[in-house]
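User: I would like to go through this structure by question and answer. Please keep each answer short.

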Amino acid sequence: MANRLRKQTPKRRTDVPTRTDYRKYREELRADFDCHCGYCGDRDWPRKEHFEIDHFVPKEQLKIIRENDYSNLVYACRSCNNAKRAKWPTNDERQPNNGKCGWIDPCDNLYDEQFERTETGAITPKTEIGDWMYENLKLWKKQHEVLWNYEQLEIITEEIKPKIQDCDDIEISRKLNALLIEQQEWLKKLYDE
Ligand SMILES: [Zn+2]
């Protein structure tokens with residue numbers, strides 16, 4: 001069965017106080033995007049420092065929208081932000097796409113309809129625009145599949161954790177605890193380079 005690209009469509013709060021520097025919205029944005037990249041759905045742990053604030057309509061295109069408009073900001077991983085850059089094929093800030101190429105706001109429910117995940121968690125496009133975004137965000141990168149699977153493993157881990165404490169076999173319980181710690185440490189090392 002195909003999986004959704006993201007657990008749920010993120011929603012930006014509308015009551016955030018105006019700040020002149022868009023970088024000051026980081027914490028609200030991170031919370032609104034549930035600590036995941038708006039575009040690929042990668043979770044930010046353990047790479048929080050690799051997450052950036054993307055301008056959905058790129059700064060170069062802004063005429064009416066201001067650089068610090070919260071409604072134009074996306075919590076994005078470095079991979080997606082770097083791939084997206086200033087690409088805006090319509091050249092019109094009011095028109096994210098022309099039905100064939102361009103973007104859909106990650107906070108729009110339509111965004112999730114452009115993609116799905118295979119059984120192994122790899123992202124695949126479902127529509128023409130999905131295909132365009134898939135290429136332009138490099139969503140084919142293996143890291144998206146790996147991180148998604150890792151997150152699924154962590155869900156199972158959380159289910160197992162309380163049972164480890166209840167386990168009567170001290171040796172098994174010790175080994176399981178060590179395994180869980182090691183698992184997290186190796187993932188961290190992977191991104192510490
Ligand atoms: Zn991303």
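User: How many residues of domain 1 are in contact with how many residues of domain 2?

Analyst: The model is predicted. Its protein chain is divided into domain 1 (22-141) and domain 2 (145-191), and 31 Å separate their centres, taken over C-alpha atoms. Counting contacts as C-beta atoms within 7 Å, the numbers are nine residues of domain 1 and eight residues of domain 2.

User: On the side of domain 1 that touches domain 2, how many residues are charged?

Analyst: Nine residues of domain 1 are in contact with domain 2. By class, two are nonpolar and three are polar. The charged residues number four.

User: Which strand gives the most to the largest nonpolar core?

Analyst: That core has 24 residues, and those with the most contacts inside it are Cys37, Cys40, Tyr75, Ala76 and Cys80. Strand E2 (73-77) and helix H4 each supply at least two of the core residues. With five residues, the strand that gives the most is E2.

User: Which residues does Tyr75 touch, not counting those up to four places away in sequence?

Analyst: Tyr75 is among the core residues with the most contacts inside the core. Leaving out its sequence neighbours up to four places away, Tyr75 touches Leu29, Arg30, Phe33, Cys37, Gly38, Phe51 and Ile53.

User: Why are the buried residues of H4 on the same side of the helix, and which strands are included in what covers them?

Analyst: In H4 (residues 128-136), the buried residues are Ile129, Gly130 and Met133. They are on the same side of H4 because they cover an arc of only 100 degrees around the axis. Their cover includes strands E3 (115-117) and E4 (123-125).

Notes
Residues numbered from 1 in each chain as written. Predicted model: local features only at pLDDT ≥ 70, side-chain atom pairs only at ≥ 80, totals over all residues. Buried ≥ 20, exposed ≤ 12 C-beta atoms within 10 Å, placed from the backbone. Helix = DSSP H or I, 4+ residues; strand = E, 2+ residues; numbered from the N terminus. Arc of directions from axis to C-beta. Contact = placed C-beta atoms within 7 Å. Domains from an automatic or database assignment. Nonpolar A, V, L, I, M, F, W, Y, C, P; charged D, E, K, R; others polar. Core = buried A, V, L, I, M, F, W, Y, C linked by C-beta atoms within 7 Å.
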